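Q: Got a minute to go through this structure with me? I'd like to start with the ligand and then wander a bit.

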Amino acid sequence: MIAAEKSLGLTADCVDVSYENKRLIQFKPAFGGGIVARISSRTKPEMATVRPGMFKKKISNSNFDVETIRVEDSGEYEVIKTDLVESKFMPVNKAAVVLGIGRGVKSRADIEKVVKFCEENHIAAGASRPVVDMRMMPRQTQIGITGTSISPDLYVAIGVAGMDYHMAGLRYAKTILAINNNPEAPINHLADYVCNCDAVEFINRISTDHQ
Ligand SMILES: Cc1cc2nc3c(=O)[nH]c(=O)nc-3n(C[C@H](O)[C@H](O)[C@H](O)COP(=O)(O)OP(=O)(O)OC[C@H]3O[C@@H](n4cnc5c(N)ncnc54)[C@H](O)[C@@H]3O)c2cc1C
């Protein structure tokens, strides 16, 4: 509303921003997440909103007053019924521990085992984009620049390569454990701990040990 009132450009829901040559560069997924566009505004001040979780909150030292404005109900709509959609998937951005399923986990049966393990242990099950695109996990579990940005205490990446677009959603993960059978996988250089082993072996081990 402020941008419209002041006739300023606004890039909403950015996944990142940077400051280059005195310009605010705004990064925003476009074309259904097919690209991440670099946007700079033609108007000043440049305005952008960022997606939740993309940055850590900073507490300002300055004293300022905050005015909270409540929007009045226009009375032009009516809530007929509210149904909460049940989901067995814990929100990935609310959990202390997240298990991320990558394309290295190849079968639905193995994904089910991970999901069940998560359900029973109060852990969130997440996924990389290809796994979501293949409809093996629901869209709300996607971690990354065009998914959700998470900040768990522990992220266990099972069969995840560690590509930039995925890792952008893990900026604030405290500890990353990578389970990958390729010693050269990029995630091995980004994780705190690496287990060079087969994803299925790992999944079977955690499922059995848990029983
Ligand atoms: C604009 C854009 C936005 C994107 N946004 C996102 C996003 O938000 N989130 C996201 O995740 N991706 C996103 N991507 C896709 C991203 O670039 C990568 O392609 C994707 O993250 C790779 O997923 P992956 O690691 O599961 O699969 P792969 O790249 O296929 O990696 C699989 C990994 O599993 C390992 N592996 C294979 N078999 C086994 C086994 N048996 N045991 C153990 N390890 C094994 C392999 O060594 C490999 O490292 C985006 C891409 C674009 C272009």
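Q: So how many residues surround the ligand, and which are the closest?
A: Keep in mind that this is a predicted model. In it, 29 residues surround the ligand. The closest are Gly102, Gly104, Ser128, Gly144 and Ala161.

Q: Which elements give two or more residues to that shell?
A: Strand S4 (35-39), helix H3 (129-133) and helix H4 (164-167) do. H3 gives the most, with three residues.

Q: And what's the shell like by class?
A: There are 12 nonpolar residues, 14 polar ones and three charged ones around the ligand.

Q: Where does the ligand lie relative to the domains?
A: Between domain 1 (2-50) and domain 2 (97-210), because both of them give residues to the shell around the ligand.

Q: How far apart are those two domains, going by their C-alpha centres?
A: The C-alpha centres of domain 1 and domain 2 are 31 Å apart.

Q: Let's switch to the fold. How many helices and strands are there in the protein?
A: Six helices and 10 strands. The C-alpha trace spans about 60 × 50 × 40 Å along its principal axes.

Q: What's the strand order in the open sheet of five strands?
A: It runs S7-S6-S8-S9-S10, and the pairing is parallel. At the edges you have strand S7 (124-127) and strand S10 (193-195), each pairing on one side only. From one strand to the next, the twist averages 20 degrees.

Q: Remind me, what holds the strands of a sheet together as pairs?
A: Strands pair through backbone hydrogen bonds, either parallel or antiparallel.

Q: OK, zoom in on S6 and S8. How many bridges do they pair over?
A: Five, in the parallel sense, between strand S6 (residues 97-101) and strand S8 (residues 154-158). If you want a spot to look at, find Val98: its bridge partner in S8 is Tyr155.

Q: Now the largest nonpolar core. Which of its residues touch the most other members?
A: This core has 34 residues, and Val98, Leu99, Ile101, Val114, Ala157 and Ile158 touch the most other members. So Val98 turns up again, after its bridge to Tyr155 in S8.

Q: Which elements give two or more residues to this core?
A: S6, helix H2 (108-120), S7, H3, S8, strand S9 (175-179) and helix H6 (199-210). S8 gives the most, with four residues.

Q: And how much of the protein is buried overall?
A: Buried residues make up 29% of the 211 residues.

Q: Changing topic to backbone oddities: which peptide bond is cis?
A: The one from Lys44 to Pro45, with omega near -5 degrees. Pro45 is in the loop between S4 and strand S5 (47-50). S4 is also one of the elements giving two or more residues to the shell around the ligand.

Q: What about Ser7, what's its phi?
A: Near 55 degrees, which is a positive value in a residue other than glycine. Ser7 is found in the loop between helix H1 (2-5) and strand S1 (10-14).

Q: Is Ser7 buried or exposed?
A: Exposed, because just 7 other C-beta atoms lie within 10 Å, and 12 or fewer counts as exposed.

Q: And where is Asn21 found?
A: In the loop between strand S2 (16-20) and strand S3 (23-30). Phi of Asn21 is near 45 degrees, again a positive value in a residue other than glycine. Asn21 counts as exposed because it has 6 C-beta neighbours inside 10 Å.

Notes
Residues are numbered from 1 along each chain as its sequence is written. This is a predicted model: local features need pLDDT of at least 70, side-chain atom pairs count only at pLDDT 80 or more; totals for chains, interfaces and linings use all residues. Two strands pair if DSSP finds at least two bridges between them. Axes are lines fitted to C-alpha atoms, for helices over the stretch in contact, and angles run from 0 to 180 degrees between N-to-C directions. A residue is near a molecule or strand if its C-beta atom, placed from the backbone, lies within 6 Å of it. Ala, Val, Leu, Ile, Met, Phe, Trp, Tyr, Cys and Pro count as nonpolar, Asp, Glu, Lys and Arg as charged, and the others, Gly among them, as polar. Domain bounds come from an automatic or database domain assignment. A nonpolar core is a set of buried Ala, Val, Leu, Ile, Met, Phe, Trp, Tyr and Cys residues joined through C-beta atoms within 7 Å. A residue is buried if 20 or more other C-beta atoms lie within 10 Å of its own, exposed if 12 or fewer, and partly exposed in between; C-beta atoms are placed from the backbone.
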